[in-house]
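Me: I have a model to go through. Let us take it in short questions and short replies.

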Amino acid sequence: MSYVGFTHPNIVAHYKAQGDSLFQAHFDVSNEEERPFFQDGIIQEIESDGAKIHVKYEFEKYEYYEDMNDVRRVIIFAITENSGKSWFFAEEKEYFNDRIISKSKRLIKRS
């Protein structure tokens, strides 16, 4: 449940609206072998507008069963709307999905 709790509310609502099975499939990290881990996050970009701050991070992502030499880079966005008091996270595909986060709400543009 902590994965859901840290995920941007628009993303949670998007998957919840698609039904219980899709919601569960997307957020289920109970299987240790399917649980990815991230390391070496690097800030790529920061944009702010008043109390809103969006931070683009690039991480190295590893799956449990992968060779540590098989590095995949993923982009994750950290989003706050209250000057950093609370943060939510979005993967790149969800951040740039207009049905989840509209273009007018994004502070970081696709590069």
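Me: Which glycine in the turn between E1 and E2 has a positive phi?
Reply: This is a predicted model; local features need pLDDT of at least 70, side-chain atom pairs count only at pLDDT 80 or more, and totals for chains, interfaces and linings use all residues. Residues are numbered from 1 along each chain as its sequence is written, and side-chain values use heavy atoms, without hydrogens or water. E1 and E2 form a hairpin with 2 residues between them. Its turn holds a positive phi of about 65 degrees, at glycine 50.

Me: Over how many bridges do strand E1 and strand E2 pair?
Reply: Strands (E, at least two residues) and helices (H or I, at least four) are DSSP runs, numbered from the N terminus. Two strands pair if DSSP finds at least two bridges between them. E1 covers residues 37–49 and E2 covers residues 52–62. They run antiparallel, and the count is 10 bridges.

Me: What is the bridge partner of glutamate 47 in E2?
Reply: E1 spans residues 37–49 and pairs with E2 in the antiparallel sense. For glutamate 47, the partner in E2 is histidine 54.

Me: What pattern does the chain follow along the sequence?
Reply: The chain has 4 helices and 4 strands. Read in order, they give α-α-α-β-β-β-β-α.

Me: Which residue that is not a glycine has a positive phi of about 55 degrees?
Reply: Most residues other than glycine have a negative phi. The residue sits in the loop between E3 and strand E4 (88–91). Its relative accessible area is 51%, so it counts as exposed (over 50%; buried is under 20%, partly exposed in between, 1.4 Å probe, protein chains only). It is serine 83.

Me: Is glutamate 60, in its salt bridge with arginine 73, buried or exposed?
Reply: A salt bridge puts a side-chain nitrogen of Lys or Arg within 4 Å of a carboxyl oxygen of Asp or Glu. Here N to O is 3.3 Å. The pair joins strand E3 to strand E2, 13 residues apart. Arginine 73 is exposed at 52%, whereas glutamate 60, at 13%, is buried.

Me: Which arginine forms a salt bridge with aspartate 98?
Reply: The structure holds 2 salt bridges. In this one the closest N and O atoms are 2.4 Å apart. Aspartate 98 is partly exposed at 45%. The partner is buried at 8%: arginine 106.

Me: How far from glutamate 94 is the nearest side chain of opposite charge?
Reply: Glutamate 94 lies in helix H4 (residues 92–95). Its contacts (heavy atoms within 4.5 Å) beyond four places in sequence are Ile11, Tyr15, His26, Ile100 and Ile101. Glutamate 94 is buried and has no salt bridge. With Lys and Arg counted as positive, Asp and Glu as negative, and His and the chain ends left out, the nearest is lysine 93, at 5.0 Å.

Me: How many residues does the largest nonpolar core have?
Reply: Such a core is a set of buried Ala, Val, Leu, Ile, Met, Phe, Trp, Tyr and Cys residues joined through side-chain atoms within 4.5 Å. Ile11 and Phe27 are among those with the most contacts inside it. Helix H2 (9–17) and strand E3 (72–80) each supply at least two residues. The total is 14 residues.

Me: How far apart in space are phenylalanine 6 and phenylalanine 88?
Reply: Phenylalanine 6 lies in helix H1 (residues 2–6). It touches Trp87, Phe88 and Phe89, leaving out residues up to four places away. The two phenylalanines are 82 residues apart in sequence. C-alpha to C-alpha, the distance is 5.1 Å.
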